[in-house]
Amino acid sequence: MAKARAKKTDAPAAIDEAPPAAPPPPPRPKPTGFRLIRMKVENFMRIIIAEITPNGEPLDVWGENEQGKSSLLNAIWTALGGKDVEPEMPVRKGAKEATIELELGEINTPQLIVRYRRTPDEKESDGTIRKGKRYLDLYRPDGAKFDAPQGQLDTLFGDGKMFNPLKFMDLEPAKQAAVIAGIAGIDIVAFTQKRKGLYDARTEANRKAKEAAASLKTQEALLSQALTKAGLKEPPTERVEIDKVMDDLKKAQVFNRQIAEHHSELKHLIDGHAIVEKAAVDAATDVDAVKRHAEKIIAEAVEKMNRAAFREGESKKHIDGVKAKVAELKEAPTAGYENIIAQAEPINNAHRIAKSLEESKAHAEAMTKAAEAADARITDADKAHQAAIAAAKLPIEGLSFDENGVSLKGIPLSQEAASVRLRVSAEISAAENNKCRIMVIEDCSLLDKNMRKVLTDVAEKMNVQLICEYVSEQQEGGIHVVEGRIAP
């Protein structure tokens with residue numbers, strides 16, 4: 001009889017149930033853009049031979065100094081960036097040529113193959129250096145070859161050196177602003193020139209407004225002095241016509257001279273009459289004397305006396321007539337004219353200054369309005385610039401820039417903490433080229449733990465392949481470079 005099998009029993013329930021497992025983290029967004037899938041380097045700078053296959057994932061490259069770490073990273077930009085980023089001596093000393101091959105694409109999916117070759121420089125017999133030849137080919141994975149490979153790479157990647165955020169941090173503020181302007185699609189040169197023109201116009205308008213205000217103040221002081229000198233309290237409404245007053249004065253003076261001439265004539269007549277009277281007396285005396293001497297002389301004397309008497313009568317009549325005429329004449333007053341002429345110049349000076357003051361007020365108002373209009377144009381230009389920045393949807397909220405530099409929420413980036421500047425620089429570097437998703441950090445060992453985490457967070461947030469270089473004698477994981485080779 002078969003032995004009965006022991007009956008399976010359930011395990012006793014645990015006294016304390018285990019806490020529910022934490023929900024899995026949300027899936028990372030699928031990376032897009034070109035990443036480094038594979039790279040093979042031979043005889044380039046310090047590298048003898050090295051082949052790595054990061055498949056688009058983050059990568060740490062470490063080792064001691066002068067072992068070839070930087071050479072390995074430099075190979076990426078030398079293959080992509082053209083002659084301008086090529087090192088001074090790309091071929092390892094003693095080698096016949098340097099070669100670099102890159103496979104780029106999405107994770108585990110090559111899309112482009114870049115092949116670079118460079119022969120060494122040679123010294124001619126005359127001591128000059130003949131540059132080695134540079135060869136560059138660009139393929140699809142199926143073997144199809146691109147024409148003008150460097151032009152194709154420039155179109156795709158531009159200046160690869162800018163994919164290093166530390167490089168961005170080292171740029172001058174104005175050059176940082178130029179990089180962000182390129183991301184935003186804003187012509188910062190045109191904006192800067194326009195804004196400079198507006199600033200220059202405003203400066204000129206303010207200068208003219210200040211000059212007009214100063215001139216106005218000076219003229220107000222001059223008017224006050226002129227009114228005091230003219231004995232006036234208010235500016236005269238009309239000028240004193242000196243020519244007319246002078247004509248009136250001349251007429252009065254001519255009239256007065258005529259009166260003086262009449263008085264002179266009257267005096268002359270009176271003086272003449274006195275002479276005639278004396279002559280009549282003398283004649284009478286002579287008559288008596290002549291009577292004693294000669295009858296003939298008496299007759300002549302009588303005749304002479306009669307003529308004198310007649311002339312006396314006529315003279316008296318004439319004198320009486322002139323007296324009556326002179327009595328009717330009155331001198332024209334000239335003191336009023338003279339006073340007017342004496343006061344004309346200060347009055348006219350006050351009138352001239354008052355009129356000039358009114359013109360200066362109008363000019364000052366116009367210059368002030370011009371300065372205000374210049375301010376308004378600058379404000380409008382700044383608003384348009386800020387609107388363009390807002391429309392550009394920059395990768396960081398609150399990021400702004402002008403020709404002088406970059407600011408974050410109104411604070412200059414240069415004044416932010418190092419971790420903030422690194423985060424901003426990393427996000428900008430990642431956003432600068434949405435086709436090449438490689439970020440290379442040289443001298444990463446100089447960054448503290450917090451700064452490294454900033455880079456890691458930005459790389460995950462923006463789907464960037466982070467390749468970091470460390471100076472280290474020992475480190476877990478990553479690629480260890482020793483004497484120009486990848487250590488096993």
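**Exercise 1. Counting salt bridges**

How many salt bridges does a search of the whole structure find?

*Solution.* The search finds 22 salt bridges. The structure here is a predicted model. The next exercises take up some of these pairs.

**Exercise 2. A pair between two strands**

Find the salt-bridge partner of Glu101 and say which parts of the chain the pair ties together.

*Solution.*
- Step 1: the partner. Glu101 forms a salt bridge with Arg38. Their closest N and O atoms are 2.2 Å apart.
- Step 2: the elements. Arg38 sits in strand S1 (residues 35–44) and Glu101 in strand S4 (residues 98–106), so the salt bridge ties together parts 63 residues apart in sequence.
- Step 3: the surroundings of Arg38. Its relative accessible area is 13%. Buried means under 20%, so Arg38 is buried.
- Step 4: the wider network. Salt bridges link Arg38 and Glu101 in a network with Glu51, Glu103 and Arg115.

**Exercise 3. Two more pairs**

Compare the exposure of the partners in the salt bridges Lys40–Glu42 and Lys267–Asp271.

*Solution.*
- Step 1: Lys40 and Glu42. Their closest N and O atoms are 3.7 Å apart. Lys40 has a relative accessible area of 29% and is partly exposed. Glu42 has 27% and is also partly exposed.
- Step 2: Lys267 and Asp271. This salt bridge spans 3.1 Å, N to O. Lys267 is exposed, at 52%. Asp271 is partly exposed, at 38%.
- Step 3: spacing in the second pair. Lys267 and Asp271 are four residues apart in helix H6 (residues 242–293), so about one helical turn separates them.

**Exercise 4. Two helices that cross**

Describe how helix H1 and helix H2 cross, then list the residues that make the contact.

*Solution.*
- Step 1: what to look for. Packed helices are described by the angle and the distance between their axes.
- Step 2: the values. The axes of H1 (residues 69–81) and H2 (residues 149–157) come within 8 Å. They cross at roughly 115°.
- Step 3: the verdict. H1 and H2 are therefore roughly perpendicular to each other.
- Step 4: the contact residues. H1 supplies Ala79, Leu80 and Gly81. H2 supplies Gln150, Leu153, Asp154 and Phe157.
- Step 5: their character. Four of the contact residues are nonpolar, two are polar and one is charged.

**Exercise 5. The nonpolar cores**

Which residues of the largest nonpolar core touch the most other members?

*Solution.*
- Step 1: the general idea. In soluble globular proteins, nonpolar side chains tend to be buried together.
- Step 2: the hubs. The largest core has 38 residues. Met39, Leu72, Leu80, Leu104, Val114 and Ile467 touch the most other members.
- Step 3: the main contributor. H1 gives the most to this core, with seven residues.
- Step 4: a second core. A separate core of 19 residues includes Ala430, Ile441, Leu455 and Met462.
- Step 5: one hub in detail. Beyond four places in sequence, Met39 touches Ala50, Glu51, Ile52, Leu72, Ala75, Ile76, Glu101 and Leu102. Among these, Glu51 and Glu101 also belong to the salt-bridge network of Exercise 2.

**Exercise 6. Positive phi in two loops**

Locate Lys409 and Asn463 and decide for each: buried or exposed?

*Solution.*
- Step 1: the backbone. Phi of Lys409 is near 55°, a positive value in a residue other than glycine. Phi of Asn463 is likewise near 55°.
- Step 2: the places. Lys409 lies in the loop between strand S10 (405–408) and strand S11 (411–412). Asn463 lies in the loop between helix H10 (449–461) and strand S13 (465–471).
- Step 3: the exposure. Lys409 is exposed, with a relative accessible area of 66%. Asn463 is buried, at 14%.

**Exercise 7. Sequence and space**

Give the C-alpha separations of Ser71 from Lys409 and of Ala344 from Arg239, and describe the settings of Ser71 and Ala344.

*Solution.*
- Step 1: Ser71 and Lys409. They are 338 residues apart in sequence and 39 Å apart in space.
- Step 2: the setting of Ser71. Ser71 is found in helix H1. Its relative accessible area is 4%, and it is buried. Beyond four places in sequence, Ser71 is in contact with Phe44, Met45, Arg46 and Ile47.
- Step 3: Ala344 and Arg239. They are 105 residues apart along the chain, and 8.0 Å separates their C-alpha atoms.
- Step 4: the setting of Ala344. Ala344 lies in helix H8 (residues 335–392). At 0% relative accessibility, it counts as buried. Beyond four places in sequence, Ala344 is in contact with Val240 and Ile242.

Technical notes. Residues are numbered from 1 along each chain as its sequence is written. This is a predicted model: local features need pLDDT of at least 70, side-chain atom pairs count only at pLDDT 80 or more; totals for chains, interfaces and linings use all residues. Side-chain values use heavy atoms; hydrogens and water are left out. Axes are lines fitted to C-alpha atoms, for helices over the stretch in contact, and angles run from 0 to 180 degrees between N-to-C directions. Angles under 35 degrees count as roughly parallel, over 145 as roughly antiparallel, 65 to 115 as roughly perpendicular and the rest as oblique. Contact means heavy atoms within 4.5 Å. Ala, Val, Leu, Ile, Met, Phe, Trp, Tyr, Cys and Pro count as nonpolar, Asp, Glu, Lys and Arg as charged, and the others, Gly among them, as polar. A nonpolar core is a set of buried Ala, Val, Leu, Ile, Met, Phe, Trp, Tyr and Cys residues joined through side-chain atoms within 4.5 Å. Buried means under 20% relative accessible area, exposed over 50%, partly exposed in between (1.4 Å probe, protein chains only). A salt bridge is a side-chain nitrogen of Lys or Arg within 4 Å of a carboxyl oxygen of Asp or Glu.
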